Amino acid sequence: MIKVEWFYWLCGAIFLAVAVLTLADRTNAKRYGSGAFWGLLGASFVYSTFVVHKTAPAWVLGSAVILMALLVATGRLSRGTTPGPTRAEQETGADRFGNRLFVPALTIPVVVIIFAVGLAKIHVGGEPLLEKSSETLIGLGVAAIVAVIIGFVMLRPKSPLAPLSEGRRLLEAIGWAAVLPQMLATLGQLFVAAGVGTQVGRITKNVLPDNSLIGGVIVYCVGMALFTIIMGNAFAAFPIMTAAIGYPVLVQHFHGNAAAVFAIGMLAGFCGTLCTPMAANFNIVPAALLEMKDKYGPIKAQIPTAIPLLACNIILMYALAF
């Protein structure tokens, strides 16, 4: 059986390799702090397997997260100045390969679909080939490897370390925001464990008119967007609003189709993603990478789309899920 933890170990190995390259980069004035940050992140991916299996104490992982936060808070991260491809080299490559440059990227969804739809049904020796409920993640890991191989065959980089080197430059440009989605998703689980969803449910039930389906739909969708704006991640907002309104009110009380309610609810949350600087990897990082004068430029451009899209999601849920 192919297990999903292999994918996490691969992620950890990549971050550890980035840490080694960062420590070796003398153009990075804070290479020790940066290297420690990426090294701790990589080690966490590996160590967490033993925490999940209860063969190692969780406090070590928690300490690593706190140390990573301290490195960020004290300004120990920075970027190196090792030159990447020049503008002329990029333009030459673009002219040479044209639309074929999209082949590695488009390979990823194709391979993921093959794993999630086709290989997920295969059994070997009475056991599923892929770990149950993790077929898509496993497919994503394999797809990334296949895409890198195709990229090597097409582009023939001078160094076999080119993917790691370019990946490191991108991670350094993103900085700590690269781990923000993971941290926010964890925060969402902590909120659920603390009963935040239950308390939100009690408050909204007192506000909602009795037996109002449209009221429940609006509160769920708008709540998903607002919690996403606050927390920066729809995956963090989802367990809270679903525990408060989505499941008890829309599914249990009004007998809504759970798949439709939750899928459209997530889309409503993504409308909030378009409107918040907390979603740094979506809204702040692109502005930094493109060197935009207004770092909130992407958000300002996306809000006129987000608001009508949220209204459409409300209509779709009311019309299709009940």
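# Notebook: cores and helix faces

**Entry 1, Ile245.** I began with isoleucine 245 and set aside its neighbours within four places in sequence; it is then in contact with Thr204, Leu208, Gly216, Val219, Tyr220 and Leu250. A reminder to myself: this is a predicted model.

**Entry 2, the cores.** Two of those names came back when I looked up the largest nonpolar core: Tyr220 and Leu250 stand with Ile245 and Met317 as the residues with the most contacts inside it. I noted 33 residues in this core. Which elements give two or more residues to it? I listed helix 8 (180–193), helix 10 (213–231), helix 11 (234–253), helix 12 (258–273) and helix 14 (297–320). Helix 11 gives the most, with 10 residues. I also found a second, separate core of 13 residues, with Phe7, Val18, Trp38 and Val179 among them. My background thought here was that nonpolar side chains in soluble globular proteins tend to be buried together.

**Entry 3, Thr242.** I stayed in helix 11 for threonine 242. Is threonine 242 buried or exposed? I read a relative accessible area of 9%, and the cut-off for buried is under 20%, so threonine 242 counts as buried. Leaving out its neighbours within four places in sequence, I found threonine 242 in contact with Tyr220, Tyr247, Pro248 and Phe262. Tyr220 was a familiar name, as I had it in contact with Ile245 too.

**Entry 4, helix 1.** Next I went to helix 1, residues 5–23. Its 19 residues reach 27 Å from the first C-alpha to the last, close to the expected 27 Å at 1.5 Å a residue. Where do its buried residues lie? I wrote down Glu5, Phe7, Cys11, Gly12, Phe15, Val18, Ala19 and Thr22 as buried. Seen down the axis, they fall within an arc of 160°, so they line one face of helix 1. I kept the general rule in mind: an α-helix has 3.6 residues a turn, so residues three or four places apart point the same way. Phe7 and Val18 were already in my notes as members of the second core. On the other side of helix 1, I found Trp6 and Val20 exposed. What do the buried residues of helix 1 pack against? My answer was helix 2, helix 6 (135–155) and helix 7 (162–174).

**Entry 5, helix 3.** I then gave helix 3 (residues 58–73) the same treatment. Helix 3 has 16 residues and spans 23 Å between its first and last C-alpha, close to the 22 Å expected at 1.5 Å a residue. The buried residues here are Ala64, Met68 and Leu71. Viewed along the axis of helix 3, they fall within an arc of 60°, so they line one face of the helix. I saw that these buried residues pack against helix 2 (31–52). The face turned away from the buried side carries the exposed residues Trp59, Ile66 and Ala73. Just after helix 3, I noted that glycine 75 takes a positive phi of about 70°.

**Entry 6, the whole chain.** To finish, I zoomed out. I counted 14 helices and 2 strands in the protein chain. Of its 322 residues, 35% count as buried. Its C-alpha atoms fill a box of roughly 65 × 60 × 45 Å along the principal axes. The chain exposes about 18300 Å², and carbon and sulfur atoms supply 70% of that. Among contacts between residues at least 6 apart in sequence, I found that 71% join residues at least 24 apart.

Terms used. Residues numbered from 1 in each chain as written. Predicted model: local features only at pLDDT ≥ 70, side-chain atom pairs only at ≥ 80, totals over all residues. Heavy atoms only, no water. Expected span 1.5 Å × (residues − 1). Buried < 20%, exposed > 50% of the residue type's maximum accessible area, 1.4 Å probe, protein only. Arc of directions from axis to C-beta. Contact = heavy atoms within 4.5 Å. Core = buried A, V, L, I, M, F, W, Y, C linked by side-chain atoms within 4.5 Å. Areas by Shrake-Rupley, 256 points an atom, 1.4 Å probe, with all protein chains shown as cover.
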